[in-house]
Each structure stands twice: as C-alpha cells, then as structure tokens.
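Colleague: I would like to go through the terms used for this model. For each one, please tell me the rule and how the value meets it.

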Amino acid sequence: YWGMTDGILYPGAGAKNVTLGPGLSLPERPWTWSDAVLPTNKQYSMIIKGNPGDKLVAIVNQNRSGTTYTDGTAYNAFTTGFQNVYIPWVMKQPSGNYLSPIVIQNVGTADATFSVRYYDLDTGVEYPNAGAKNYTLAAGRSVPERPWTYSDANLPVNKRFTVVIEGQAGNQL
C-alpha cells in the first residue's frame, strides 16, 4: 500500500507472498493482515506483483457508509499502463461536489509527466484551465486528480465531462 497524497510506502500492510492455484482468488482486506500500520482517514493505492508468466486480474469494490453518505465504487485493475488514459464520464453536481473520483497511478519504472484535460460531454468544448498540468509522478506512485485543487471555477456545476489524461512518450499511466 502507498499513501496516495504523501507517497509513503507501507510495506507491512496487505498479504505477502501468496500462492494461488489456477482459478482461485484472494480477497485483499488490509484489516485481515496488519492494518495497524495504515493511518486512518487516508486513501491508498496498491501494486500487486506476480512472478514472470503469472496472469493476475484484480477487481476492486469499495464501499463507504455513514449517517450522511452511502456510496460504492467498482473497477478493474490494469496489468499495463498507457501514455493516454480516457475517462468517459465525470459529473460535477449542482452542489459543486464530484461523483467520480479519479486516481492516476504511474505503473512504469520511470517518472511520468502528464496533464489532465476536461471536456464538456455534450459539446466537446475543452475547459483548458481545469485539471493538473505538467504534473510529474514518480514510478509506482499515484495521485488523486482533484479539479477543485486547480481551477475548478472553470468547470460549471450540474455538468458532465469527459477527461483525458495525457502523458508523455513512454509513460505508463
């Protein structure tokens, strides 16, 4: 597990050196192993590594619930990265909150520099001042894309966007 915003590695968290037979799976629950090393109220990214020739798949399901919110997310993990990543749907609600979290991970072996571009889903018009620009991310690290950290005022509320993460040649995002 890596701390998403601070990039700290937590080597004591998560399963280690697990052997899975063909067609078997393992639920990765940090609290099953040593989650005492993971500080509370943080977000994390993970890297799962197999041996050469292994074929691994990861499907992530996240759920939060509380008195003021209940939400869930599911997505597939990727075994390789790409120079450019396309996100088909991000929504900025009338309240100004976003429905779609975006986390960018560098799965390459060298630093990756990228920019994030927001486009109006209905018209294709770009909002050029929104999103991270020329952000450099170390190998194996991740960062949340938070448009409100940059120039969120340029993104109107109650609007849907497509997002393009554009890396440089050789980047694996």
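Colleague: What makes the pair of side chains Glu145 and Tyr118 a polar contact?

Modeller: The two side chains come to 3.0 Å of each other. A polar contact is a pair of N or O atoms within 3.5 Å, where one must be able to donate a hydrogen and the other to accept it; residues adjacent in sequence count only if both atoms are side-chain atoms. The value of 3.0 Å for Glu145 and Tyr118 is within 3.5 Å, so the term applies.

Colleague: What kind of model do these values come from?

Modeller: This is a predicted model, in which local features need pLDDT of at least 70 and side-chain atom pairs count only at pLDDT 80 or more, while totals for chains, interfaces and linings use all residues. Residues are numbered from 1 along each chain as its sequence is written, and side-chain values use heavy atoms, with hydrogens and water left out.

Colleague: Where is Glu145 found, and how do you know whether it has a salt bridge?

Modeller: Glu145 is in strand E10, residues 142–145. A strand is a DSSP run of type E with at least two residues, numbered from the N terminus. A salt bridge needs a side-chain nitrogen of Lys or Arg within 4 Å of a carboxyl oxygen of Asp or Glu. For Glu145 the nearest side chain of opposite charge is Lys133, 7.2 Å away, and there is no salt bridge. Lys and Arg count as positive, Asp and Glu as negative, and His and the chain ends are not counted. Glu145 is also buried, which means under 20% relative accessible area (exposed is over 50%, partly exposed is in between; 1.4 Å probe, protein chains only).

Colleague: What covers the strand E10, on one side and on the other?

Modeller: Ser142 and Pro144 on one side are buried, and so are Val143 and Glu145 on the other. Strand E6, residues 102–105, is joined to E10 by four bridges and runs antiparallel to it. Two strands pair if DSSP finds at least two bridges between them, so E6 and E10, with four, qualify. One of the bridge partners in E10 is Pro144, which partners Val103.

Colleague: Why does Asp120 count as buried or exposed?

Modeller: Asp120 has 4% relative accessibility, so it counts as buried. It sits in strand E7, residues 112–120. Its side chain reaches the backbone nitrogen of Thr123 at 3.0 Å. Beyond four places in sequence, Asp120 is in contact (heavy atoms within 4.5 Å) with Val125, Tyr127, Lys159, Arg160 and Phe161.

Colleague: How many salt bridges does a search of the whole structure find?

Modeller: It finds four. One of them joins Glu126 and Arg117, with N to O at 3.3 Å. Arg117 also bridges to Glu166, the closest N and O atoms being 2.7 Å apart. That second pair links strand E7 with strand E11 (residues 159–167), 49 residues apart. Asp122 and Arg160 meet as well, at 2.5 Å. Asp122 lies in the loop between E7 and strand E8 (126–127) and Arg160 in E11, so this pair ties together parts 38 residues apart in sequence. Arg117, Glu126 and Glu166 form one network through shared partners.

Colleague: Why is Asp122 called buried or exposed?

Modeller: At 51%, Asp122 counts as exposed. Arg160, at 33%, is partly exposed.

Colleague: How many aromatic pairs does the structure hold?

Modeller: It holds three. Rings of Phe, Tyr and Trp (its six-membered ring) pair if their centres lie within 6.5 Å; planes under 30 degrees apart count as stacked, over 60 as edge-to-face and the rest as tilted. Phe114 and Tyr135 have centres 5.6 Å apart and planes at 40 degrees, and the pair is tilted. Phe114 lies in E7 and Tyr135 in strand E9 (residues 135–137), so the pair ties together parts 21 residues apart.

Colleague: What makes the pair of Tyr127 and Phe161 what it is called?

Modeller: Their centres are 5.6 Å apart and their planes at 80 degrees, so the pair is edge-to-face. Tyr127 is in E8 and Phe161 in E11, 34 residues apart. Tyr127 is buried at 16%, and Phe161 is buried at 0%. Ring pairs link Tyr118, Tyr127 and Phe161 into a cluster.
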